[in-house]
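Open your viewer and keep the selection tool at hand. We will move from stop to stop, and each stop tells you what to select.

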Amino acid sequence: MTVSKERYRRQALHQIDNLAKPPGSLGLLEKQAKQILLAWGTFHRELRPKHIIFAADNGVVRAGVVAQLSDITYMQSCHMVQGTSAVTCFCRSQDIPYEVVDVGIDSDDAVGLDRKIARGTKNFAVEPAMSREELAQAMATGRERVQAAAKDGINLLSFGEMGIGNTTTSAAVLTALSPKKMSWLTGFGSARGNYKLLFHKRHVIAAAVKAYEKEIQMPADALRCVGGFDLAALCGAMMACADEKIPFYIDGFITATALACAIAMKPAVRDYALPSHISREPGMAQALRLCGIDEYDVPIQAGLSLGEGTGAVLGVVLMKTMMYAVWHMATLDGINQEAQDRHDNRKGDETHG
């Protein structure tokens with residue numbers, strides 16, 4: 001017999017509200033646990049997480065918007081596959097499976113799962129970053145990886161990315177989506193304190209957003225004109241999560257921008273998205289606002305800015321801890337009954353004493 005949605009909702013909320021603690025005393029952990037139970041639509045006593053990293057190069061680096069060599073995308077992605085990057089060390093320490101999906105690294109060989117669309121996007125300072133066909137392929141790859149995770153019984157995902165220049169593409173997409181085309185949404189990225197580079201990056205983004213203004217009518221247009229393959233794959237993956245009823249953690253600025261696009265295309269995605277941490281990038285707060293997420297609803301305030309999904313994996317670790325408590329804590333009903341029984345026994349002893 002199928003439990004009605006409303007009945008399940010009441011049961012799910014009661015499962016958390018009835019834990020033996022003052023109501024709301026576990027704060028955002030309670031709130032996110034409720035969101036996960038409601039997203040599932042059915043009870044899972046075991047949390048089965050997985051971390052997915054989409055990696056790609058970005059042609060806009062040729063416009064001089066980054067301080068690092070673009071080869072770092074390839075090298076760091078290799079370290080991810082080997083398990084020697086920050087996020088994969090986080091995953092391995094907690095027995096969280098992960099995969100690296102190459103959707104556009106500039107290399108002859110593929111790194112991790114081969115879903116390479118091209119050897120990086122085009123330089124959006126000169127021409128649109130990708131074709132419509134490439135955009136569709138990137139988004140389809142994101143959907144495919146979520147569907148594969150669902151078939152494997154995964155019920156909680158977290159997302160990360162790797163790609164030199166992707167704070168620039170994210171800032172460009174967010175600027176295009178924001179009503180006033182605000183230049184302050186563009187931050188330092190990994191070149192913290194390099195004001196000359198920051199001002200140049202803002203100039204490149206402003207010029208591109210203006211150049212493609214007539215083309216950018218929808219979020220998909222922003223991804224195509226000034227985005228990256230990793231952003232597009234993330235967007236497709238997040239929309240697939242809503243279809244597969246898999247809640248997911250976003251990481252920082254880049255994944256938050258992808259989420260803003262996904263929610264604009266498919267509003268139901270919002271019910272499945274969980275914030276993990278606040279990035280140092282100035283556009284993070286704006287990206288969250290576009291997603292309908294308040295900064296105070298983000299549990300980790302740790303000054304993280306690495307990317308890769310490091311904050312998202314830490315969000316999963318917190319939730320693994322919380323979900324263990326959900327299924328193993330004493331309940332208010334139980335502890336109140338125990339207190340009543342003890343009171344009655346003591347009163348009976350006094351009567352017969």
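**Stop 1: a charged pair**

Start by selecting Glu46, which is partly exposed, with a relative accessible area of 49%. Here buried means under 20% relative accessible area, exposed means over 50%, and partly exposed lies in between (1.4 Å probe, protein chains only). Now add Arg48, which is partly exposed at 28%. Arg48 and Glu46 form a salt bridge, with their closest N and O atoms 3.9 Å apart. The term salt bridge means a side-chain nitrogen of Lys or Arg within 4 Å of a carboxyl oxygen of Asp or Glu.

A word on the model before you go on. It is predicted, so local features need pLDDT of at least 70 and side-chain atom pairs count only at pLDDT 80 or more, while totals for chains, interfaces and linings use all residues. Residues are numbered from 1 along each chain as its sequence is written, and side-chain values use heavy atoms, leaving out hydrogens and water.

**Stop 2: the sheet**

Select strand S1, residues 49–56. Helices (H or I, at least four residues) and strands (E, at least two) are DSSP runs, numbered from the N terminus. How many of the residues of S1 are buried? Eight of its eight are. Colour Pro49, His51, Ile53 and Ala55, which point one way from the strand. Then colour Lys50, Ile52, Phe54 and Ala56, which point the other way.

Next, show the neighbours of S1. Two strands pair if DSSP finds at least two bridges between them. Strand S4 (residues 156–162) runs parallel to S1, joined by seven bridges. Pick out Ile52 and its bridge partner in S4, Phe159. Pro49 has Leu156 as its partner in S4. Strand S2 (residues 98–104) is also parallel to S1, and six bridges join the two. Here the partner of Ile53 is Val100, and that of Ala55 is Asp102. Six of the seven residues of S2 are buried.

Go on from S2 to S3: two bridges join them, again in the parallel sense. Look for Val101 and its partner in S3, Leu113.

Now show the whole sheet. It is open, has six strands in the order S3-S2-S1-S4-S5-S6, and pairs in parallel. Which strands are at the edges? They are S3 (113–114) and S6 (273–274), and each pairs on one side only. Add helix H5 (residues 132–151), which packs on the sheet and touches S1, S2, S3 and S4. Contact means heavy atoms within 4.5 Å. The direction of H5 makes about 160° with that of S2. Axes are lines fitted to C-alpha atoms, for helices over the stretch in contact, and angles run from 0 to 180 degrees between N-to-C directions.

**Stop 3: more salt bridges**

Select Arg115 and Glu144. Their side chains meet in a salt bridge (2.9 Å, N to O). Arg115 lies in the loop between S3 and H5 and Glu144 in H5, so the pair ties together parts that are 29 residues apart in sequence. Arg115 is partly exposed at 26%, and Glu144 is partly exposed at 27%. Add Lys50, Glu99 and Arg145: with Arg115 and Glu144, they are linked in a network of salt bridges.

Jump to Lys34 and Asp17, which meet in a salt bridge at 2.7 Å, N to O. Lys34 is in helix H2 (residues 27–40) and Asp17 in helix H1 (residues 5–17), 17 residues apart. The count of salt bridges comes to 16.

**Stop 4: the nonpolar cores**

A nonpolar core is a set of buried Ala, Val, Leu, Ile, Met, Phe, Trp, Tyr and Cys residues joined through side-chain atoms within 4.5 Å. Which residues touch the most other members of the largest core? Select Phe124, Leu157, Phe159, Met238, Phe248 and Leu259, out of 71 residues. Helix H9 (residues 229–244) gives the largest share, 12 residues. Zoom in on Leu259: among the residues it touches are Met238, Phe248 and Ile250. A second, separate core of 34 residues includes Leu156, Val313, Met319 and Trp327.

**Stop 5: two helices**

Finish with helix H8 (residues 219–226) and helix H10 (residues 253–265). They pack at an angle of about 145°, with axes 9 Å apart. Select Pro219, Ala220 and Leu223 in H8, which meet Cys261, Ala264 and Met265 in H10.

Conventions: Lists of a residue's contacts leave out its neighbours within four places in sequence.
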